[in-house]
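Biologist: I'm new to this structure and would love a close look at a single part of it. Could you walk me through one helix pair?

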Amino acid sequence: MAPSTHTVTNQVPPLVGYDVFAGDRALTEAVERHLAPGILREAQEELSTLGRAAGSAQAQEWGAQANENPPKLRTHDRYGHRVDEVDFHPAWHRLLGHAVTAGLTDAWGREGGHVRRAAGFLVWTQAEAGHGCPLSMTHAAVPALRTDPALAAEWEPLLTSHVYEEGLRPASQKAGVLFGMGMTEKQGGTDVRSNTTRAEALAADGEYLLTGHKWFCSAPMSDGFLVLAQAADGLSCFLVPRVLPDGARNPFALQRLKDKLGNRSNASGEIEFDGTWARRVGEEGRGVRTIIEMVAATRLDCVVGSAALMRQAVAQAIHHSAHRSAFGGLLIEKPLMRNVLADLALESEAATTLALRLAAAYDADTEQERAFLRIAVPAAKYWVTKRCSAVVGEALECLGGNGYVEESGMPRLLREAPLNSIWEGSGNVQALDVLRALQREPGALDAFLREVGKARGADHRLDAAIKDLLTELADLEAVEARARRLVERMALVLQGSLLLRWAPPEVADAFCASRLGGDWGSAFGTLPHSLDLATVVERARAGES
C-alpha cells in the first residue's frame with residue numbers, strides 16, 4: 001500500500017480523448033465561413049474524424065515516441081555498400097500514414113481543397129509537428145511541377161495520393177510519393193543565387209547530371225526533390241528522384257543529419273550530388289521563378305503550423321487552469337490568470353483566422369486574390385511565426401513547474417516554436433519580400449488595402465491604425481531599416497480587420513484595444529481589465545469528452 005504522504009491531489013488530468021477540430025471554435029467557424037455549402041458537411045465530418053484521432057491517446061503517444069526516438073542515418077550496409085538511408089521509429093510512419101490518408105498532401109485538385117487541407121494540417125500538427133515537413137513540401141511541389149505539363153502528369157497523381165508507402169522504390173511502383181526540397185548551400189544560405197551546385201546537360205532533352213552539395217535537406221527519405229543548380233544559362237530548377245526508373249539508386253550521399261533544437265522526429269541532412277541524374281523543371285536560368293510557388297505554399301504552411309502550435313499551447317494552458325486549484329479557487333477564476341489566458345487566446349485566434357483566410361484565397365485563385373497573397377503571405381509568415389515562441393513560452397509558464405517537465409509536452413512545443421520563423425526565409429527575408437511587392441506590384445498593395453478596408457468604420461481603433469499605416473506607406477524612402485515595423489503593422493491591421501468581420505465582439509474588441517489601440521503592456525496578461533475576458537477564455541477552451 002502506498003504511504004499516506006504519497007496521496008496525489010490537485011493534479012490536472014491529461015487533455016486527451018477529445019476532438020481537436022470540433023473543440024476549436026475559431027477553426028470550425030473559419031471552415032464554415034470559407035467552404036461552399038455543398039462540400040461543408042463532408043469536410044466537417046472528415047475534419048472531426050481527424051480531430052478525434054489527433055486528440056486520442058494513441059496519436060499523442062505516437063508523437064512522443066517519434067520525438068523520443070530521433071531518426072538514425074545509415075550510410076552503408078553491413079558489407080560496405082553505400083545505402084544512404086535514414087531509419088525512422090514506427091510512430092513516424094504511423095503519423096505520416098494517417099496524415100496522407102487524411103488528404104494532407106491533396107489540395108490543388110479538389111473544391112475547397114486548400115481550406116480543407118489547411119484546417120486538417122492545423123489539427124493534425126497538434127499531435128506532432130515534425131512530420132509536417134514532408135507533408136508540406138509534397139503539397140507545395142505541385143505548382144512548381146505544373147510549369148512542365150509532362151512532369152506534372154507523371155508526378156502530381158502520386159503527390160496528391162491518399163496512400164502512404166514507405167521505402168525507396170521507383171515512383172512507378174508506388175501508389176503515393178513524398179517530395180522534399182534542396183535550395184540552401186553552406187556558403188550562401190538564403191542567398192540561393194550564390195549556389196555552386198553544377199548542372200551539366202545530357203544528350204536527352206531536359207536531362208542533366210548534378211554535382212554539388214546542399215546544406216539543409218529535410219526528409220531525405222522522400223521519393224523526389226526539387227533543387228536549384230547552376231546550368232549553362234543560370235540558376236535552374238531540377239527534379240531529383242531518389243531511385244531511378246530502372247531501380248538503381250540515384251547518387252545522393254547523406255553526409256550527416258543535423259542535431260536540431262526541435263523538430264527532432266524529422267530528419268534534416270547535408271547531401272552531396274556526384275553525377276546525380278535530374279530532370280529540369282521550367283526554363284534554364286529561371287529556377288527561382290519556377291520554385292517560388294513552392295516556396296510561397298510552404299510559407300503558408302509555416303503560418304498554419306505556427307497557428308497549430310499556438311492553439312495546442314493555449315488549449316493546454318486553459319485546460320490546466322480549469323483543473324488546478326490555488327489560493328482557494330481554480331486558477332481560471334483568478335482575474336490575473338484570466339487576463340493571461342485571454343491574451344494568449346487572442347493571439348491564437350488571430351493566427352488561425354488569418355491562416356484560413358489565406359488558404360481561402362488560394363482556393364479562389366482570382367487575380368485579386370493572387371495579388372492579395374503576394375503581400376499577405378510574407379506579412380503573415382513574418383508576424384505569426386514570430387508570435388509563436390512568445391505564446392508557447394507564456395502558455396508553458398501557466399503550467400508552472402509542471403510545464404517545464406518533459407512529460408507535459410510543453411517543452412516539445414517550445415523547442416518547435418522557432419522553426420517556422422526560420423524555415424523558408426527568416427524574418428528579414430519576409431519583410432524584404434513585402435517591400436519588393438510594395439515597390440514592384442502596385443496591385444498587391446491595392447488588394448491588401450481592399451481587404452483591410454472591408455472592416456473600415458467598424459472600430460475607431462482599426463480606422464486610426466489604417467490611417468497611420470497609409471501614412472507609413474506613403475513614404476518608402478529608406479524603408480528597409482523600418483521594414484519590420486511596417487510589416488508588423490500590416491499584419492496586425494489585417495488580423496484586426498478579419499476579427500472585426502468574423503469573430504465575436506468580445507474577441508474583436510479585446511484585439512483592437514490591445515494590438516491596435518495601444519492599451520497593452522509589454523507582456524501577456526496586460527489587457528484592459530474592463531474587457532469581457534471570461535468570454536474570450538471560455539471560447540478558446542478545448543472541447544473535452
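Within what distance do the axes of helix H17 and helix H18 come, and at roughly what angle do they cross?

Modeller: Happy to help! This is a predicted model, where local features need pLDDT of at least 70, side-chain atom pairs count only at pLDDT 80 or more, and totals for chains, interfaces and linings use all residues. Residues are numbered from 1 along each chain as its sequence is written, and side-chain values use heavy atoms, with hydrogens and water left out.

Helix H17 covers residues 483-502 and helix H18 residues 505-516; their axes come within 9 Å and cross at roughly 160 degrees. Helices here are DSSP runs (H or I, at least four residues), numbered from the N terminus. Axes are lines fitted to C-alpha atoms, for helices over the stretch in contact, and angles run from 0 to 180 degrees between N-to-C directions. H17 and H18 are therefore roughly antiparallel to each other, a term for angles over 145 degrees.

The crossing of H17 and H18 is left-handed, meaning that the near helix is turned anticlockwise from the far one by less than a right angle. On the H17 side, the contact (heavy atoms within 4.5 Å) includes Arg-489, Leu-492 and Leu-499. From H18, Val-507, Phe-511 and Arg-515 are among the residues taking part. Sorted by class, the contact of H17 with H18 has 9 nonpolar, 2 polar and 2 charged residues. Here Ala, Val, Leu, Ile, Met, Phe, Trp, Tyr, Cys and Pro count as nonpolar, Asp, Glu, Lys and Arg as charged, and the others, Gly among them, as polar.

How values were computed. Helices (H or I, at least four residues) and strands (E, at least two) are DSSP runs, numbered from the N terminus. Angles under 35 degrees count as roughly parallel, over 145 as roughly antiparallel, 65 to 115 as roughly perpendicular and the rest as oblique.
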